[in-house]
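Here are a few exercises to work through with the model open beside you. Try each task before reading its solution.

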Amino acid sequence: MTLLRLEDVSVRLHNRTVLDSLNWQVEVGKIYSIIGPNGSGKSTLLKTCAGQLKPAQGKVLLQGRLLDSYPRRQLARHMAMLQQSQASLPDVSVRSLVSYGRFPHQPVWGAKRKEDEKIVEWAMAQTGTLPFAERKLSNLSGGERQRVWIAMTLAQQSGLILLDEPTTYLDVNHQWEVMELVHDLNRKYSITIVMVLHDLNHAAACSDELLVMRAGEMYASGPPEQVITDRMLRDVFGVRGSVGRDDRSGRMHCHIEGLLEAVDFSAQPAIAAVK
Amino acid sequence: MRMVINAFRVPMSKGVLVIVALTAAVILATGFSIGTGAVRISLSEIWLYVFHGYDGPMKEIVWNIRLPRTLVGTLVGANLALSGALLQGVMRNSLADPHIIGVSSGAGLFGIIVLILFPHLWSMLTPIAFLGASGAAAIIYLLAWKDGVQPVRLILAGVAVSAFLGSGISALLIFFSDRVNGALVFMVGGLSAKSWPELEIILPYSLIGMSLAFIGSSHLNILALGDSNARGLGLSVEAARFFLTALATLLAASAVSVVGLLGFVGLIVPHSARLLIGSDYRFLLPASVLLGAAVVTFCDTLARLMFAPLELPVGIMMGALGAPFFLYLLRREAR
């Protein structure tokens with residue numbers, strides 16, 4: 001079943017076309033990762049899916065209905081979004097922050113209900129944040145904080161969660177912790193996940209489907225084994241590498257050896273797009 | 001500041017405790033205010049006069065002078081503090097206060113025009129000052145608008161418009177320096193001779209403002225997460241910002257137009273309440289209301305007491321106590 005469909009979507013920002021006639025669809029219950037070099041339009045695409053950016057052309061449909069036609073509150077019950085970096089650290093406890101995820105479900109005057117508390121508890125248990133529920137965000141490590149933010153989106157109880165580079169600023173261990181958590185939530189509760197990732201190995205290991213962006217256009221889409229190829233590394237990222245499969249986990253991985261030798265920066269598509 | 005916050009980092013029960021303590025502080029300050037003056041009245045006597053219709057010798061003083069004046073003080077403090085707390089939330093800036101949206105300069109200019117140029121309109125001072133306050137806020141909001149209102153633009157537009165109106169105030173004060181006397185008290189803010197009519201003006205704003213603000217408290221919590229997060233959680237950011245700013249304007253304008261330009265309450269009280277109770281607006285808003293009421297009432301009592309029988313306007317006392325305290329908070333925050 002199609003959850004989200006983009007039809008011929010173009011987005012312009014500051015008089016520049018950032019997304020160009022994109023067609024894509026997201027099926028229920030799968031994990032999608034959007035990859036591509038800086039400035040290729042990954043985050044723009046995610047924000048467009050979230051209804052935070054309006055396409056200049058084309059349609060974004062959520063369950064067959066125009067995204068624009070959903071009132072904000074109702075939209076927040078269908079999808080949750082975790083942005084790339086948090087501008088400021090709210091001065092509240094973990095439990096309070098997670099409970100804000102219930103906002104779109106609560107009456108306008110913000111009355112707390114029994115079921116809300118249960119769901120907040122559940123969201124914290126799923127993300128392993130229950131042990132420090134009463135602590136302030138400022139007293140947590142980066143990895144713990146990220147799990148708290150994910151708990152908040154989880155408390156929103158939406159069928160679709162959008163994550164913008166959820167592993168940025170985390171060390172390797174915590175990066176994988178977040179990836180496994182996302183994977184786990186998807187498999188257990190069939191929550192559809194769409195995320196922007198920088199690390200190709202994360203994307204290859206944890207996604208059902210990939211979307212490769214290049215200069216505001218879709219370069220390729222499909223399952224990791226089809227999309228992650230030597231050729232894609234060369235064409236999209238301008239690097240030399242080899243692609244393989246781990247014998248034990250059966251997951252795809254790629255090994256980047258370095259920049260393409262005869263690299264001409266002015267001809268790089270990512271840079272051309274910035275002009 | 002972190003240390004202080006950590007010390008008070010506690011769930012619900014602590015928040016409730018602080019609210020109870022602040023309520024007690026308001027009651028004490030109110031009793032102290034009614035009992036203090038040229039004639040001292042004991043708390044038990046006040047109780048009899050106010051709640052049992054006791055027909056004693058002080059009845060007139062309690063009912064016609066001290067009780068209404070004290071109540072005006074509590075409501076003015078509550079409104080200004082609540083207005084400041086709302087604005088600090090909307091602007092996501094703990095240094096925002098009712099000055100930011102031009103309430104003081106607007107009320108100031110219009111008030112001064114009445115007091116200096118049209119003294120015969122003196123009875124219209126409050127509505128005209130109210131008009132100036134809300135008008136200035138509306139102009140600032142419009143000037144800051146560009147595909148929505150960003151807090152920084154709003155603050156900058158506020159600074160500019162306030163400076164513009166402020167120069168008008170200064171010009172009037174200089175051109176008509178012989179008539180400045182009456183205007184001065186309005187400029188610092190005072191509760192002298194405030195009674196039941198003033199209470200009637202301000203009470204509806206307080207009641208409606210507080211009810212709406214407490215409904216808005218959960219929205220402020222969401223707004224504090226930043227525009228993008230707030231939208232993701234289903235909040236209509238622009239609408240929330242507009243309504244909360246409008247509410248803050250009405251609260252501050254109602255207070256300022258009645259007692260004059262009482263400074264600092266709207267800045268210091270919410271800031272102090274934040275240190276006491278944390279940043280959860282469901283607790284911070286009521287705490288600000290109570291602390292504002294207690295502080296203004298207490299300062300007014302001191303202002304009457306200190307140089308008795310001479311009475312200082314409460315604004316002077318607020319500034320004298322408030323400014324050093326504010327500097328102290330700033331130093332802590334810088335650490």
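Two residues are in contact if their C-beta atoms, placed from the backbone, lie within 7 Å. Keep that cut-off handy, and bear in mind that this is a predicted model.

**Exercise 1. Describe the fold of chain B, from its elements to its contacts.**

Start with the elements: chain B has 14 helices and 0 strands. Reading from the N terminus, you therefore get α-α-α-α-α-α-α-α-α-α-α-α-α-α, going by DSSP runs. The radius of gyration comes out at 20 Å, close to the 20 Å that the globule rule gives for 335 residues, so chain B is as compact as a globular protein of that length.

Next, check the extent: along the principal axes, the C-alpha atoms of chain B fill a box of roughly 65 × 55 × 35 Å. As for burial, 52% of the 335 residues of chain B count as buried.

Finish with the contacts. Take those in chain B between residues at least 6 apart in sequence: 75% of them join residues at least 24 apart.

**Exercise 2. Do the same for chain A.**

Chain A has 10 helices and 12 strands. Its radius of gyration is 19 Å, close to the 19 Å from the globule rule for 275 residues, so chain A is as compact as a globular protein of that length.

The box filled by the C-alpha atoms of chain A is roughly 60 × 45 × 35 Å along the principal axes. Of the 275 residues of chain A, 43% count as buried. Among chain A contacts between residues at least 6 apart in sequence, 65% join residues at least 24 apart.

**Exercise 3. Work out the strand order of the open sheet of 6 strands in chain A, and find its edges.**

Walk across the sheet and you should get β6-β7-β8-β3-β9-β10 (chain A), with mixed pairing. The edge strands are β6 and β10 (217-222) of chain A, since each pairs on one side only. Ignoring direction, neighbouring strands of this sheet are turned by 15° against each other on average.

Now zoom in on one edge. Strands of a sheet pair through backbone hydrogen bonds, either parallel or antiparallel. Here β6(A) pairs with strand β7 (residues 160-164) of chain A in the parallel sense, over 4 bridges. For one residue, look at Met79(A): its bridge partner in β7(A) is Leu160(A).

**Exercise 4. Which elements of chain A give two or more residues to the side that touches chain B?**

First get the overall count: 22 residues of chain A are in contact with 22 residues of chain B. The elements of chain A that give two or more residues are α2 (72-78), β6 (79-82) and α3 (94-100). The most comes from α2(A), with 4 residues. Sorted by class, this side of chain A has 12 nonpolar, 5 polar and 5 charged residues.

**Exercise 5. Is Ala151(A) buried or exposed, and what is it in contact with?**

Place the residue: Ala151(A) sits in helix α5 (residues 142-155) of chain A. Then count: Ala151(A) has 27 C-beta neighbours inside 10 Å, and the cut-off for buried is 20 or more, so it counts as buried.

Now set aside its neighbours within four places in sequence. Ala151(A) is then in contact with Val98(A), Ala123(A), Met124(A), Thr127(A) and Thr129(A). Take Val98(A) as a last check: Ala151(A) and Val98(A) are 53 residues apart in sequence, while their C-alpha atoms are 6.0 Å apart in space.

How values were computed
Residues numbered from 1 in each chain as written. Chains lettered and ligands numbered in written order. Predicted model: local features only at pLDDT ≥ 70, side-chain atom pairs only at ≥ 80, totals over all residues. Buried ≥ 20, exposed ≤ 12 C-beta atoms within 10 Å, placed from the backbone. Rg over C-alpha atoms; globule rule 2.2 N^0.38 Å. Nonpolar A, V, L, I, M, F, W, Y, C, P; charged D, E, K, R; others polar. Pairing = 2+ DSSP bridges. Axes fitted to C-alpha atoms, helices over the stretch in contact; angles between N-to-C directions.
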